[in-house]
Amino acid sequence: MPGKLKVKIVAGRHLPVMDRASDLTDAFVEVKFGNTTFKTDVYLKSLNPQWNSEWFKFEVDDEDLQDEPLQITVLDHDTYSANDAIGKVYIDIDPLLYSEAATVISGWFPIYDTIHGIRGEINVVVKVDLFNDLNRFRQSSCGVKFFCTTSIPKCYRAVIIHGFVEELVVNEDPEYQWIDRIRTPRASNEARQRLISLMSGELQRKIGLKVLEMRGNAVVGYLQCFDLEGESGLVVRAIGTACTLDKLSSPAAFLPACNSPSKEMKEIPFNEDPNPNTHSSGPSTPLKNQTYSFSPSKSYSRQSSSSDTDLSLTPKTAPYPQGPRIYLCPSSPSLSCGSLHLKKSCLLLSESSLTPHHSSLVSPVLRKSVSFSEELFLAASGMGSGSAGKEGGPFKALLRQQTQSALEQREFPFFTLTAFPPGFLVHVGGVVSARSVKLLDRIHNPDEPETRDAWWAEIRQEIKSHAKALGCHAVVGYSESTSICEEVCILSASGTAAVLNPRFLQDGTVEGCLEQRLEENLSTRCGFCHIPYDELNMPFPAHLTYCYNCRKQKVPDVLFTTIDLPTDATVIGKGCLIQARLCRLKKKAQAEANATAISNLLPFMEYEVHTQLMNKLKLKGMNALFGLRIQITVGENMLMGLASATGVYLAALPTPGGIQIAGKTPNDGSYEQHISHMQKKINDTIAKNKELYEINPPEISEEIIGSPIPEPRQRSRLLRSQSESSDEVTELDLSHGKKDAFVLEIDDTDAMEDVHSLLTDVPPPSGFYSCNTEIMPGINNWTSEIQMFTSVRVIRLSSLNLTNQALNKNFNDLCENLLKSLYFKLRSMIPCCLCHVNFTVSLPEDELIQVTVTAVAITFDKNQALQTTKTPVEKSLQRASTDNEELLQFPLELCSDSLPSHPFPPVKATSVDYSSFADRCSSWIELIKLKAQTIRRGSIKTTVTVEKASPVGDGNFRNRSAPPCANSTVGVVKMTPLSFIPGAKITKYLGIINMFFIRETTSLREEGGVSGFLHAFIAEVFAMVRAHVAALGGNAVVSYIMKQCVFMENPNKNQAQCLINVSGDAVVFVRESDLEVVSSQQPTTNCQSSCTEGEVTT
Amino acid sequence: MTSELDIFVGNTTLIDEDVYRLWLDGYSVTDAVALRVRSGILEQTGATAAVLQSDTMDHYRTFHMLERLLHAPPKLLHQLIFQIPPSRQALLIERYYAFDEAFVREVLGKKLSKGTKKDLDDISTKTGITLKSCRRQFDNFKRVFKVVEEMRGSLVDNIQQHFLLSDRLARDYAAIVFFANNRFETGKKKLQYLSFGDFAFCAELMIQNWTLGAVGEAPIDLDSQMDDMDMDLDKEFLQDLKELKVLVADKDLLDLHKSLVCTALRGKLGVFSEMEANFKNLSRGLVNVAAKLTHNKDVRDLFVDLVEKFVEPCRSDHWPLSDVRFFLNQYSASVHSLDGFRHQALWDRYMGTLRGCLLRLYHD
């Protein structure tokens, strides 16, 4: 009996009238936990009952404490008939289970009913007494902290970053059980809510166990998702990054424990570890060893838990002889893996030449960005051997093999983090992604979710091999997603291949860090942009140049990543949101045929999405993408692709070339004219964009630098190669000629449309910026005014003669209009930036497209913004008006002959995997693997940025924030998808918020139609999130995300149903301006944190 | 391609004041969009009509959801669904309860019943205020009336406490409630020149002086009669007013009163001769109004009577306002010198208020 849960029901208010006769309600409350139920007295005839109950005490297992939610049901007492339920409150008591977080949950909770929505509020107090000893404690994984935040949470520092943890739990979906036919919708919804709550609790506990096995004490970047597989069940899966975190306790550390790069960061002695971000140790390979050696198995770790202390100490001193084994040396990554790659790329080459249909299918342009890498080879062979598939049999074998090799290597060196301590990332290779189409069938044994596990293992394996191909040993910014339609499911995973600093793999001791720091300063400032792979044996054709920053290492000309822009990267100008949108019609089909059709379409979609991204990036005059997220959604009769990323101009990367349009039918005069007209438009747009985003890269004077850099502005290739000849490698030289122009050939209407669509993207109105990363590159003087919002749109396509073009246009318009609406709505916040813009597409029905956007608008101070763009680099170099030249001069003629070798490195690896149904339809022969790989590195130099960052003008935000919340009876709770709150310090994390709601109506019209229904529901969800945070004692939710918003309607029956799943981290923040005042309170916090340290770390 | 669903939900509820006004004014979404387009917002922001349409719909939906809460403003403060900064909450409430002068003049003093509600169509046509807006305003009056009807204590305070209105607006509502409760006639043609402000002013004076609450520690506090302290006129006082009749009934008293007034005002009044000639008529009018107030019917006609018996005669003689003031002051004060008159306190209670009212009512 390791825990006693105590609950007190205080009062209710604003209850609905349940008795029409008296216009009053006789309410009482049932409090249920596990199988125990308590009841309060009936409080007669009141809409504002005061129960003031005794303390209801539940003596429970800590396992139950983790799994079960506390369920509070408010009912109306009825003497003659059954009591009517008013509504329920589910309270996740997990935050009470670790000592640093909340100590009590107390406050007003909205009483929620799945049919009627919120019906009044109830005041509840919840406490937990844990009277178990530490060891016992750990076995149930109570005490492991969870964070949604995908960076090291502010006010913590990472002692060790252990690495990837994942788990999934499956069950039958109550909605599809036989009993659902005879029970009410309410009962069914509640069963579902409760089940999912239980499953997430269980999942979290299981992940917690894994973390404890790894000797960690926290999960960062925790992402939990539901797959509603319909008939075949309900899957709850989660991934995260296990870490050992230390609470920052010194007051000094508090100041900089911060949000955005701030001034203090520099001033604090490094060993204080002021910025939690600075610290973390890179896990990857050595860690794996560590894991292995310490906790070979679950049982072992359980038994040995009493000796945890010793074990967790060991890592600090234990040497990792194997550490540097894999491409860990930042300076010579290519050496270690060179031979390996050589082989593979040979294979690649042959492979691609063997598949002629491949190149034929994509027209000349295709050739440019498609490359087949060894992964194709891998997948093909894998499939051939095992025909993998649902049974998972062959896969087990594969897994076993892995396990063996795991002795030497980490199984999945993945990190769900997107922001890292400086120096952690050595090189970034590019985006790696993998997709796989699977057929769902009933999960027969929920306790052994092997199939789903195997599916994911397979995908992860693929990702890992992609990363390897890029010369990287780790994947950062890793995420997984699914799209389900009927019985077909697309599993996707993506991340950014990276080389991590071996030093961070060790315990983050002070000396190590210091040393590292020094080294960083001396040599590798722009290191993350430098290629990790061997330039002679590139996994894909890329165009390399010397880094524009250090001039020593090679960099690619474009870099795509899924991570946030490193805080110390040197960026010129501002960034912007770049989206690629795509629809493809597909025939309706069943089962295998359907899966085959989808699989056949996927590579083309991947390719096109990629091309679009590349074109748009060029059009913006930028050279790198961050936060890239590609979502492929499957529907009955179409596939949708939506990629969002934030484009920036990295100073270390070369200036992007322009876009060149070429016509296929040169004889037609008017056509020519048309082409040249388009060309002009494109050039104008690029020029305009450069101005808009303040992209004025310094002119690089060849005399100064010794000119290793290809000059895109120079028309003549000869000239260029001359100038470069001194120190450039020859084969690289060859590719230079192809680099400046990205050629779009207009040979049919499709291509024409592509060009048009390029030009239809309207830039945001002045005063607005948008990005999908945490912070907008180039802006750092945020004020404290933030507005988080969710916007949902559903359009119905006219079913008449749908073509791909019409579909694309509709989809494009939908997204553009949505953005326009957002800009309009938020115009009062100008100057402002939409950050973390997160688009989700779903296809709920045949002709419906649903787009959901969640983002936060943050105002910034215009005056200060201007200064920040200057970088030291810029200063040291002469400024010249390069723009004109660049824009006007495209090597027009070069393009045609340069086609075969692509000027642009394809970006990002994708693969389509047919293995799941391969055994049935044997269509896998057609496997096409498209993969573009990306490379990206940015040069970084943060000094200036850092300086400008902190002045976040106290003055400004004071004015703005003053008026609100003066006399409010309801405390203001901020919500933001970001991991920080501008102008404020997060002082405490109270626990994870992970909530799932279902809302259903049978009176859709009366509730204002679908819009009214969903609007109210989302507002209610926000309200419930805020109420829970407030009850935990918090005043904000950070890293908020709406993971799911499944909306179904049946207007004919006047019905609709919606499921929403949200999560985030509840926190306490203090305004920077109030910090002095608060400092007196800090001792308390410190106390707590030291307690925690005692428990967990020592 | 049609938009099936289109919503925007902010963590802090976005309130667009302009749209709120259009909504309160009862415009349909289409009309509101047209009006917004005319305001030039598209040019300013570079938005399209579709964006405007979507934005307007969104705001309307939000307001519609808020409306339920606005019916009981304290709920708006305590509710958890919409996070709205207090200043915005105050604005929402204040604007929601604001009313149009033209509308309130039509309804003032009428019974806030279903019958009146049926007349809203006509009022809407007459005033040019949309029916929707008329309904909202009418329902507001009625709602406030219902809530404070049975309450004891200061009318203004009650309103302020239950509807969280500004002082100014709460006073206006007090006047509306007071007028509705006493059913003062305000719609006659003769009274058309009077503004709501004029009536509100009078109402406030009457509440302060002529109601039960005005007596301070109400003598009948424990009385079970359900007279509302501030809403109903003090019946006893009205009864007593009969006693004032002596001022005009007693010839001597009347003459003496006249001579006192005339002596004091001689040379100070531009319209002295007219005053002198009319004194008895005016005095008779004012005192008779008082004496008649025992009948409900006559209470209702109070303002008609005042205008007929006093305002109009003076106006036809072109009395300047300053002269009216001199006259009324002297007229009230002189009574204190009438030895035979014993109801000085009563007179003061009556005349003090009446003087204020008359001065306010005396204009074109």
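These notebook entries record what I looked up in a predicted model.

**Entry 1. Sheets of chain A**

I began with the strand order. Four strands of chain A form an open sheet in the order E9-E11-E12-E10, and the pairing is mixed. Strand E9 (145-146) and E10 stand at the edges with a single partner strand each, so one side of each is left without a neighbour in the sheet. I then looked up how E9(A) meets E11(A): the two pair in the parallel sense over two bridges. Lys145(A) has Ala218(A) in E11(A) as its bridge partner.

I noted another open sheet of four strands in chain A, with the order E29-E31-E32-E30 and mixed pairing. Its edge strands are strand E29 (974-975) and E30 of chain A, each of which pairs on one side only. E30(A) is joined to strand E32 (residues 1055-1071) of chain A by 16 bridges, and the two run antiparallel. Within this pairing I recorded Leu1059(A) in E32(A) as the bridge partner of Ile998(A).

For background, I kept in mind that strands of a sheet pair through backbone hydrogen bonds, in either the parallel or the antiparallel sense.

**Entry 2. Strand E19 of chain A**

I asked how many residues of strand E19 of chain A are buried. The result is nine of the 10 residues in the run 576-585, so the strand is largely enclosed by the rest of the structure. E19(A) pairs with strand E21 (residues 638-648) of chain A in the antiparallel sense, over 10 bridges. One of the partnerships I looked up joins Leu582(A) to Gly641(A), which is in E21(A).

**Entry 3. Aromatic pairs**

I looked up the count of aromatic pairs, which comes to 49 over all chains. Among them is the pair of Phe147(A) and Tyr156(A), which is edge-to-face, with 5.4 Å centre to centre and 70° between the planes. Both Phe147(A) and Tyr156(A) are buried.

I then turned to Phe164(A) and Tyr478(A), an edge-to-face pair with 5.4 Å centre to centre and 85° between the planes. Phe164(A) lies in strand E10 (residues 156-171) of chain A and Tyr478(A) in strand E14 (residues 474-485) of chain A, so the pair ties together parts that are 314 residues apart in sequence. Phe164(A) and Tyr478(A) are both buried.

**Entry 4. Rings of chain B**

In chain B I found one aromatic cluster whose members include Tyr20(B), Trp23(B), Phe63(B), Tyr96(B), Tyr97(B) and Phe99(B). Phe103(B), Phe141(B), Phe163(B), Tyr173(B) and Phe196(B) also belong to this cluster.

I also looked for charges placed over rings. Arg315(B) lies over the face of Tyr193(B), at 4.5 Å from the ring centre. Arg349(B) has its charged end over the ring of Phe237(B), 4.2 Å from the centre of that ring.

**Entry 5. The largest cavity**

I recorded about 410 Å³ of space in the largest cavity. Its lining has 28 residues, and those nearest its centre are Ile91(A), Asp92(A), Ser197(A), Asn994(A) and Met995(A). The elements that give two or more residues to this lining are helix H1 (62-67), strand E6 (84-91), strand E7 (105-113), helix H3 (185-213), strand E11 (218-228) and strand E30 (984-1001) of chain A. I sorted the lining residues by class and obtained 14 nonpolar, 10 polar and four charged.

**Entry 6. Backbone exceptions**

Most residues other than glycine have a negative phi, and most peptide bonds are trans. I therefore looked up departures from this pattern.

The peptide bond from Ile830(A) to Pro831(A) is cis, with omega near -5°. I located Pro831(A) in the loop between helix H22 (804-825) and strand E26 (832-842) of chain A.

Glu486(A) is not a glycine, yet it has a positive phi of about 50°. Glu486(A) is in the loop between E14 and strand E15 (488-500) of chain A. Is Glu486(A) buried or exposed? Its relative accessibility is 56%, so Glu486(A) counts as exposed.

Ser1039(A), likewise not a glycine, has a positive phi of about 50°. I placed Ser1039(A) in strand E31 (residues 1036-1050) of chain A. Its relative accessibility is 7%, so Ser1039(A) counts as buried.

How values were computed
Residues numbered from 1 in each chain as written. Chains lettered and ligands numbered in written order. Predicted model: local features only at pLDDT ≥ 70, side-chain atom pairs only at ≥ 80, totals over all residues. Heavy atoms only, no water. Phe/Tyr/Trp six-rings, centres within 6.5 Å; stacked < 30°, edge-to-face > 60°. Buried < 20%, exposed > 50% of the residue type's maximum accessible area, 1.4 Å probe, protein only. Lys NZ or Arg CZ within 6 Å of the ring centre and 35° of its normal. 1 Å grid on protein atoms, 1.4 Å probe; cavity = no way out; pocket = protein on both sides within 12 Å on 5 of 7 lines; lining within 4 Å. Points joined across faces, edges and corners; volume = space filled by probe spheres on them. Nonpolar A, V, L, I, M, F, W, Y, C, P; charged D, E, K, R; others polar. Pairing = 2+ DSSP bridges.
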